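Biologist: Before we discuss how this chain is put together, could you put the sequence and the coordinates in front of us?

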Amino acid sequence: MINVGIIGTGFIGPAHIEALRRLGNIQVVAICDSTQTAAETRATELNVPHAYSDVAAFLQHVGLDAVHNCTPNHLHAEINRQILRAGKHVFSEKPLCMTMEEARELVELAEKAGVVHGVSFVYRQFAMVQQAASMMRYKQLGRLFSAQGSYLQDWMLEETDYNWRVDAGKGGASRAVADIGSHWCDTIQFVTGRKIVEVMADLSIVWPTRKASLNTSATFGAQQEEMQYESRDVTTEDMGFVLFRFDDGSKGSFSVSQVSAGRKNRLSLEVNGSLSSLAWDQEIPQQLWLGHRHKANQLLSDDPSLMNPEVAARARFPGGHIEGWPDAFRNMMQQFYQAVEQGKPASPGLSFATFSDGAQVMAIVDAILKSHQQQRWVRVSN
């Protein structure tokens, strides 16, 4: 058995725990939260035997093999450093950290530590995204022409929608692009096998001032009655539009929004090639649309018997048994812990995102911010 600890038990921490328990060879042995009372309460709720409020003490837990960093963004860098210095395998929520300087440092620390390191870019783990990437590798779409898509949500639609992600000091200088646009960028790069190397961006804040609840507000949390508010200035974008260029000269565009009414978690993408096209929508994840010029278009389902053999195992159930986000999350954890068991990262192209991948996507976000500020094309740093 592999002993795992979780730091941070908000929205995403329990999702990690659920996925890990589905693997069968993982024991979640300890959690760490901001206070001892909170940690003990969550440990009881999540049926985890040990609780800590001090990261240093947590990392000394006997037999701890790997640690998941599920804390808010501004805590990622320092906690990831501590995990690496303790010699533990580390799986971090994205973003990897807050600045490119920190990202480069963490990549170097991870490589020197010789541990398995991963970043939580989950959408590449859906069966149909794996199928799309396999089709691109085997040139089934022909030469890549373009890619486009969007990632749309509505949880920040209203003036009274507020949580820690809006605060640049805690969430970072970018919000919509860094929070959800980063997922889109990682997914499209994974599918196409190409890197985004240049961007032109136009970002927008629709609520320059938001009314923050004096009560605690959780990510995706429902509004409560009789709330009291205080006004807070907003410096992070609610939506954005980006043109980009891939490293092979092909081009594309994508948009992100956290203020699109009715869109709950719609990551969608389309890839156009010289022979055919494909499209995928995370809210109907079991379907991959295939477009043709001279024959009828197709809808491919996540039936293992219909998928390319190298990725068929990513659909774990027979056709017609719907798989979704929790299943992709499980796939991601399975890939990471196969690498932990082997003592080395899994094969490129079919595996999880590493710290290097996390740093490269951060560089895209950084270039997008600079492009918007300077109103010009900006090269993505190496």
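Biologist: Which residues of helix 9 are buried, and what covers them?
Modeller: In this predicted model, buried stands for under 20% relative accessible area, and in helix 9 that holds for Asp327, Ala328, Phe329, Arg330, Asn331, Met332, Met333, Gln335, Phe336, Tyr337, Ala339 and Val340. The cover over these buried residues includes strand 1 (2-7), helix 1 (13-21), strand 2 (26-32), strand 4 (66-69), strand 5 (89-92) and strand 6 (117-119).

Biologist: Which residue follows helix 9, and what is the sign of its phi?
Modeller: Helix 9 covers residues 325-342, and its 18 residues reach 26 Å from the first C-alpha to the last, close to the 26 Å expected at 1.5 Å a residue. The residue that follows helix 9 is Gly343, and its phi, near 80°, is positive.

Biologist: Why do strand 16 and strand 17 each have one side without a neighbour in the sheet?
Modeller: The nine strands form an open sheet with mixed pairing, in the order 16-15-14-13-7-12-11-8-17. Strand 16 (298-301) and strand 17 (378-379) stand at its edges, so each is left with a single partner strand.

Biologist: Which residue of strand 13 is the bridge partner of Ala147?
Modeller: Strand 7 (residues 144-152) pairs with strand 13 (residues 266-273) in the antiparallel sense, over eight bridges. Within strand 13, the bridge partner of Ala147 is Val271.

Biologist: At about what angle does helix 10 run to strand 8?
Modeller: Helix 10 (residues 355-374) packs on the sheet, where it touches strand 8 (196-204), strand 11 (239-246), strand 12 (251-257) and strand 17. The direction of helix 10 makes an angle with that of strand 8 of about 50°.

Conventions: Residues numbered from 1 in each chain as written. Predicted model: local features only at pLDDT ≥ 70, side-chain atom pairs only at ≥ 80, totals over all residues. Heavy atoms only, no water. Pairing = 2+ DSSP bridges. Helix = DSSP H or I, 4+ residues; strand = E, 2+ residues; numbered from the N terminus. Contact = heavy atoms within 4.5 Å. Axes fitted to C-alpha atoms, helices over the stretch in contact; angles between N-to-C directions. Expected span 1.5 Å × (residues − 1). Buried < 20%, exposed > 50% of the residue type's maximum accessible area, 1.4 Å probe, protein only.
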